[in-house]
Amino acid sequence: MQAQGMKVIHVVTTTDVGGAQIMLQRYLSALKDDAQSHSVISLVPPGPIASQIEALGVEVTDLGLRPGKITLGALWQLRRLLREARPDIVHGWMYHGCLAAWAGLKLLPKRQRAAQVWAVHHSLQDIRNEKRSTQIVVRMMAKLSRSVELITYCSGVSKEQHEAIGFCPDRVELIANAVDTEVFRPDPGARAHLSEIAGIPEGRLIIGNVARNHPMKDHVAMVKATAQLLHMGHDVHAVLVGEGHRDSLAEKTASDLNIRDRVSIIDTRPDIHEIVPGFDIFLLSSAWGEAFPLAVSEAMAAEVPCVVTDVGDCAMLVGDTGRVVPPGSPEKQAFAVAELIDEGPVARATLGKLARERVTEHFSTQIYVDRHFAAYSRASSAK
């Protein structure tokens, strides 16, 4: 069966804003009319991505669970939905979505089971960094992984890390995240727009980051790096874009270091693509957990040079268009940013153009769609 004609059900942990959820929405959007052969089941009440998916003509069903909880009643409801829909592929996204997809199919008679695909969008630099409940789910998935027709990873490092704790190395596909370069693109007016929103005085060099507040993102390190850059004599201003930064440890650290006036917080908003091109440099400060960070590829598409920590596939993503530093080292982050500052605006602009060329060539939306078609065909053949 051709993948384009397959009926696919996506089982997701949540439709809140996150890398995997954004990629699911972008994938379905890129399918255009073919998206109507897909449907989405969310374990928890739908978040903001759900309305965007429904606008594509894709049905979204809510199982109504609390985050992190999978009940027998919800599994029977999932079983009923799968039995009635008779999909060709059941595609689990994120750990709990993958596990729920496996369990829902397992409750069906063998002749009624669709081919199963797991999508892993997380890296495991150290499983002990994860919540206890997540550790249990991941270890369960490792034991069950040989019964799945195909596992996709968005990064090579993530694949290696999961296989190291027992995930099956057979029937695996790498499908790197994609960026829409028509949406994320350079914009000469973005810097003034961002400066007005964030209250940044003219002349300061803007260091940006787009991510929700979470310990793995290590925004405290970014704040400390900003303080060090100021101490080195660089006129910089940090911008944190995302949910949860107000009254966060990063904001408290900025106050403790007496640089609160050099750190601006912008809540999650729909026009991120109009803000990112206003950064002079993008700094990914993450300590762990990243697989293939969308925010970095989006900055690259907007011709913003990036400094990234060496987590997940960040080093592969930026290649020679940016700088890579060890995680957990604000000092090295500061020195890498300082290098780009010292090289001057012309050199940074050149790196930015190379960055956009890199994501356009290797991480386009069409490549993402084609690889999913191939993955579905391969999973169907393995059933």
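Is Gln 25 buried or exposed? In this predicted model, Gln 25 has a relative accessibility of 14%, so it counts as buried, the limit for that class being under 20%. Gln 25 is part of helix α1. Apart from residues up to four places away in sequence, its contacts are Ile 49, Gln 52, Ile 53 and Leu 56.

Just before this helix comes another residue of the buried class. Thr 14 sits in the loop that links β1 (8-12) to α1, and its relative accessibility of 13% is why it counts as buried. With residues up to four places away left out, Thr 14 touches Gln 21, Ser 42, Val 44 and Met 94. On the other side of the helix, the loop between α1 and β2 (38-42) holds Lys 32. Here the value is 64% relative accessibility, so Lys 32 counts as exposed. The backbone of Lys 32 also deserves a look: its phi is near 55°, a positive value in a residue other than glycine. Most residues other than glycine have a negative phi.

A positive phi is found at Glu 303 as well, where the angle is about 65° although the residue is not a glycine. Glu 303 belongs to the loop between α11 and β12 (306-309). At 23% relative accessibility, Glu 303 counts as partly exposed, because this class covers values between 20% and 50%. A further loop residue is Arg 66, placed between β3 (59-62) and α3 (72-85). Its relative accessibility of 61% is over 50%, so Arg 66 counts as exposed. Arg 66 and Leu 43 are 23 residues apart along the chain, and 8.1 Å separates their C-alpha atoms.

The packing of helices can be followed next. Two packed helices are described by the angle between their axes and the distance between the axes. For α1 and α14, the angle is about 90° and the axes are 10 Å apart. An angle from 65 to 115 degrees counts as roughly perpendicular, and α1 and α14 are therefore roughly perpendicular to each other. On the α1 side, the contact is formed by Met 23, Arg 26, Tyr 27, Ala 30 and Leu 31. These residues meet Thr 365, Tyr 368, Val 369, His 372, Phe 373 and Tyr 376 of α14. Sorted by class, this contact of α1 with α14 has eight nonpolar residues, two polar residues and one charged residue.

Two residues of these helices also form an aromatic pair, and the model has four aromatic pairs in total. The ring centres of Tyr 27 and Tyr 368 are 6.1 Å apart and the ring planes stand at 75°, so this pair is edge-to-face. Tyr 27 lies in helix α1 (residues 19-31) and Tyr 368 in helix α14 (residues 365-382), so the pair ties together parts that are 341 residues apart in sequence. Both of these tyrosines, Tyr 27 and Tyr 368, are buried.

A second helix contact joins α11 to helix α13 (residues 330-362), with an angle of about 120° and axes 7 Å apart. An angle of about 120° falls outside the 65 to 115 degrees that count as roughly perpendicular and is not over 145, so α11 and α13 are oblique to each other. From α11, the contact takes in Ser 297, Met 300 and Ala 301. The partners in α13 are Gly 352, Ala 355, Arg 356, Arg 358 and Val 359. By class, four nonpolar, two polar and two charged residues make up the contact of α11 with α13.

What does Val 179 touch, not counting residues up to four places away in sequence? Its contacts are Arg 26, Phe 184, Ser 297, Glu 298, Ala 301, Val 359, Phe 363, Ser 364 and Thr 365. Val 179 itself lies in the loop between β7 (172-174) and α7 (190-198), and with 1% relative accessibility it counts as buried. The C-alpha atoms of Val 179 and Ala 287 are separated by 23 Å.

Finally, the nonpolar interior can be considered. The largest nonpolar core consists of 36 residues, and Phe 279, Phe 282 and Val 296 have the most contacts inside it. Helix α11 (residues 294-301) gives the most to this core, with five residues. Beyond its neighbours within four places in sequence, Phe 279 is in contact with Leu 194, Ile 206, Gly 208, Asn 209, Val 210, Val 239, Val 241 and Val 304. A second, separate core has 32 residues, among them Ala 20, Leu 24, Ala 50 and Ala 115.

Technical notes. Residues numbered from 1 in each chain as written. Predicted model: local features only at pLDDT ≥ 70, side-chain atom pairs only at ≥ 80, totals over all residues. Heavy atoms only, no water. Core = buried A, V, L, I, M, F, W, Y, C linked by side-chain atoms within 4.5 Å. Buried < 20%, exposed > 50% of the residue type's maximum accessible area, 1.4 Å probe, protein only. Helix = DSSP H or I, 4+ residues; strand = E, 2+ residues; numbered from the N terminus. Contact = heavy atoms within 4.5 Å. Axes fitted to C-alpha atoms, helices over the stretch in contact; angles between N-to-C directions. Parallel < 35°, antiparallel > 145°, perpendicular 65-115°, else oblique. Nonpolar A, V, L, I, M, F, W, Y, C, P; charged D, E, K, R; others polar. Phe/Tyr/Trp six-rings, centres within 6.5 Å; stacked < 30°, edge-to-face > 60°.
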